[in-house]
Amino acid sequence: MTLLLLAHAVAAVAAPWLVRVVGRRAFWLLAAAPAATAVWALAQTGAAHSDTPPRISWTWVPSLDLRLSFLLDPLAWLMCLVVGGVGAAVLVYCAAYFDEDEPGLGRFAGCLTGFAGAMLGLVATDDLLVLFVFWEATTVLSYLLIGHRPETKAARSAATEALVVTTFGGLAMLLGIVLLGEAAGTYQLSEVLAAPPTGPVVEAALACILVGALSKSAQVPFHFWLPGAMAAPTPVSAYLHAAAMVKAGIYLVARLAPGFADADVWLPVVLGVGGLTMLIGAWRALRQHDLKLLLAYGTVSQLGFLTVVAGVGSYNGGLTALTLLLAHALFKGCLFLVVGTIDHSTDTRDLRELSGLGRRWPLLTTATLLALASMAGVPPLLGFVSKEMAYDTFLTAARAGSVADGVVLAVLVTGSVLTVAYSARFALGAFPTKRGLDDTPVLHPPSGALVGVPVVLAAASLLAGPLSTWIEPWLTGYAGSMPAADHRVHLGLWHGLGWPLGLSVLTLLLGALVVLGRDGVEAVQQRLSRVPSASTAYRVVMRSLDRLSLEVTGAVQRGSLPLQLGLVLGTLVLLLAGAVALHGISWPADVLWFATPADLGVAAVAVVAAVAAVRSRRRLRGVFCVGVTGYATAMVFVLHGAPDLALTQVLVESVALVVLVLVLRRFSGRFNDDSTRRQRVVRTVIGVAVGATVTLVALVASGARDAPPASTGLDVTAVDFGGGYNIVNVILVDTRAWDTMGELSVVLVAATGIASLVYVRGNQVHEHNERLRQARARRRQYTRPLTTASSWLAEGQQVPAERRSVVLEVVTRLVFHTIIVWSVYLLLSGHNLPGGGFAAGLVAGLALTVRYLAGGRAELQAAVPVTPGLLMGAGLFLSAGFGFVSILFGGRVLQTWIFDVSVPLLGKLHLVTSTVFDIGVYLVVVGLVLDVLRSLGGHLDVQIEEDQIRRARLARGSSAPPLATERQVLR
Amino acid sequence: MTPDVLLCVLAGVLVGCGVHLLLARSVVRALLGFLLLGNGINLLFVVAAGPRGRAPIVDLGAGPMADPLPQAMSLTAIVITLAMTGFVLALAHRSWQLRRSDLVENDPEDARIGLRALANDMSESDFHGGVDAEPRPGEDPDPGGAR
């Protein structure tokens, strides 16, 4: 089973490649996947009907009770046969149907094969949630297949329509599944059905699931998407919209009927909707001129029929449903493929234009007539067998005194009469030689699979009728799970003279009457065609949604960033103010005015700095004021027992300050947004309101809290499982390591963004890499100690003399290595003392900043002669790789292992594997700082120098050649 | 839990000042506002951590420990703020390079949508032109079969 699913997946992925290599013959190879399903199902026939059907089950998400479980019981067995058999036939047919140069054929082949796999999973799984996954997979693949020709508007809108309708149903179904699963305490279908829960919640769940099932099976009022979906290539219509996908809803109804047919909501919905659909579909089919649309409405009608018999929930209904399902797959698959052949050969499907085909194509015509006869319920075909069983089922119930069943019987007879009529319409429209109409020109005579596949399917319909008594034992397995009446229906052609046979004869006679009076019927249809249809309602709803979105977007999104932010922040204030107005406010019983007197001083500094930042008109002044608030925040962290935070905050604040100054040297000294007084007032009002709201929320929320902290007990587990004493660090590299990994990715993305915004042109990147290569080469040449060179720094002499500072160079020379050693110490000790990868990386980054400030960009390149991308990539690789390695060793992702090794001289060494993770963090942070310095420092230097040269040359006259010093800069 | 009023007020002041700056048109000003806002919100984590205590390091000192979880949460936020700062500065620099200005102009696409909403212009909807303007299903024959 798993192998089969994998085979479909592999085939689907390989399909585009196969089609490219061997062309449309690839379909023959792809057909092997669904054929294998059918063969496998046949091989498992005995096992599937035994008391212990084949079952496999793997736990997927234990917390959701989600298991990849598959169960091949009799119902799944039959569905596998249909899905696999018809799937293989349709794929073979595709090999002849499409031209070699069909655009997008590879994608189409992949989708169709993948669909066969999704369908297999859908019918074979025993887990409701997995069923939903496959269900939605079929929806998406159906969307892609209907939209096979995306350049036509009809295909696009039909695909969207099918997607919207079936996804709507799918979502309702998911809701129902969750309700049902929670009510039953399990999501395993077999367990749910073994002990079906009851109650109002279950009723609601069933209603939701039925919405999903009925929308998938194109039942009223969702039926309109199926005729629309005829924009798909005909093989898709044959497979998805006749044999497989639309049967998924029927399958689900049949699957749930044994457990839930007694529910209050079940029978009225299933019988009512199914019966109505049968009538509406058949009535609509009678007025179609397009053969494919005729079949589409016919399918809608037959699906209604199937819903009725599958949903009735008795032995007789179940047996009938399976027989009808099999018969329908055979005749409708055949008929769709015939329409494809006609279309392919004559370039038309309009039964007003077709003439003389029957005379010229005897074999295809015979096959089609057989399939039509099966659809109309003419003996001795399988369709007749199933229809008579349906009559028998409801007749038995109606004679037992049930009025409702009598009504359903009347509906079935009426629907079947119309079925006879539209079957005849197909036959009389497509094949005879018509007076006054020339023979339809045949572009390519049909041959090979275009005829062979429909003939095989029709032959199966014919053979299955007389042999139906032999089939019966393989269908009773499912039906036997439901209560049986005294009178059991049987498959077979002859049950003796009786009411069912009488009704069959009556159906055929009335059908013949409708055919004879078809002109009158058409006149009535013309008059009634003004009745608004469900698809009109769909368009009105969709149009209103479009309209609503336009109005809302137009009203809210005015394109001004300040306005947009103001709206968001204003909403925050108003929502909370509204909540206070409605529910009042519960002030904390007890407050602490301030924790220490030192807090007061720090807060005073921060407040002054913040207000000064708001009032400052010079950029740098604003930057420094904000920096002061940052350092004040770090002080608060120190005072409140958060040394790690304080350390990181101070370091970040320092790096940020350097970076801000580096960039702002390119800007004007004053802010250039002179706002009006009114704007300032509005901003002040919003600012005060938001600030007050935040204070209020902080007070009330923290005052209302009475639960113990989530971190209770971490002080023990951090040491025992995380192997570290610094709990904050253990949380970062162990408890919430996944989170940290996500945050590292954010840092990486931001750094990439910075580099790509600054290095705009590709050649700038090449130049940078070239300079790095030179820096590495020079580094290899240094054999003697640097102090004997002419400079204190590696590249110090490259800085223009007027900007060099010997003191700075000496200090840098003295402290650089010390700082780096300190950063490594912080990194390694961080698990037990304040520090860790983040702080250590920032310290190393600051060391690099000092090198850059003292020696310029060349010095930075000499210090770290690699790209920041390499550092960050290596860091993320280490962190992620660590998670992977811990899986390899049989642990959970990112699990920590602790080793105590005794090393001579050093004594006992305490090794914790999460240090590897922390080294990754360290590298990413160093990479970030390096990237910022290189882009916003070094590259801006280049731009500034280029600007200066350009200005100098302009002053001299632009034709003058660059001076030697200028050439060096521009190099 | 007993709230620390001073920290709540300080966080409110920082957030309020941050919002004031954030609503400006200049990217650099907005960035400063964002940084102020970030500092204020990090203080909220200190408020959430509850009563002050010693550093959350096992076996280091005596007395009640501060809650380590909010600390871990804001630590990564602080580093990401640095990355954000760099990114917004790069944006501002690019804008300055191209236009000698770091002001955020109004988005013309949004303005266009606004005008369309005012004019009730539905021409870009797939369902424009009334319910019957759509091609009826099947009117466009399956192109796969047409040869």
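A salt bridge is taken here as a side-chain nitrogen of Lys or Arg within 4 Å of a carboxyl oxygen of Asp or Glu. The structure is a predicted model, in which local features need pLDDT of at least 70 and side-chain atom pairs count only at pLDDT 80 or more, whereas totals for chains, interfaces and linings use all residues. Residues are numbered from 1 along each chain as its sequence is written, chains are lettered from A and ligands numbered from 1 in the order in which they are written, and side-chain values use heavy atoms, with hydrogens and water left out.

Over all chains, the count comes to 24 salt bridges. Among these interactions is a network that links A:R666, A:E946, A:D947 and A:R950. Within this network, A:E946 pairs with A:R950, the closest N and O atoms being 4.0 Å apart; both residues lie in helix α38 (residues 914–956) of chain A, four residues apart, or about one turn of the helix, where helices are DSSP runs (H or I, at least four residues) numbered from the N terminus. With a relative accessibility of 27%, A:E946 counts as partly exposed, a class that falls between buried (under 20% relative accessible area) and exposed (over 50%), as computed with a 1.4 Å probe on protein chains only.

A further salt bridge joins the side chains of A:R349 and A:D343 (3.2 Å, N to O). In this pair A:R349 is buried, with a relative accessible area of 6%, and A:D343 is likewise buried, at 2%. The salt bridge between A:D439 and A:R359 (2.4 Å, N to O) links distant parts of the chain, since A:D439 lies in the loop between α20 (403–430) and α21 (449–464) of chain A and A:R359 in helix α17 (residues 357–360), 80 residues apart. A:D439 is partly exposed, with a relative accessible area of 30%.

Helix α15 (residues 291–311) of chain A has 21 residues and an expected span of 30 Å, which agrees with the 30 Å between its end C-alpha atoms; the expected span is 1.5 Å times one less than the number of residues. Of the 21 residues of α15(A), 21 are buried. The helix is followed by A:G313, whose phi is positive, near 75 degrees.

With a disulfide defined as a pair of cysteine sulfur atoms within 2.5 Å, the count over all chains is zero. The sulfur of A:C625 is too far for a bond, because the closest cysteine sulfur, in B:C17, is 11 Å away. A:C625 is buried, at 12% relative accessibility, and A:C208 is also buried, with a relative accessible area of 17%.

Technical notes
Helices (H or I, at least four residues) and strands (E, at least two) are DSSP runs, numbered from the N terminus.
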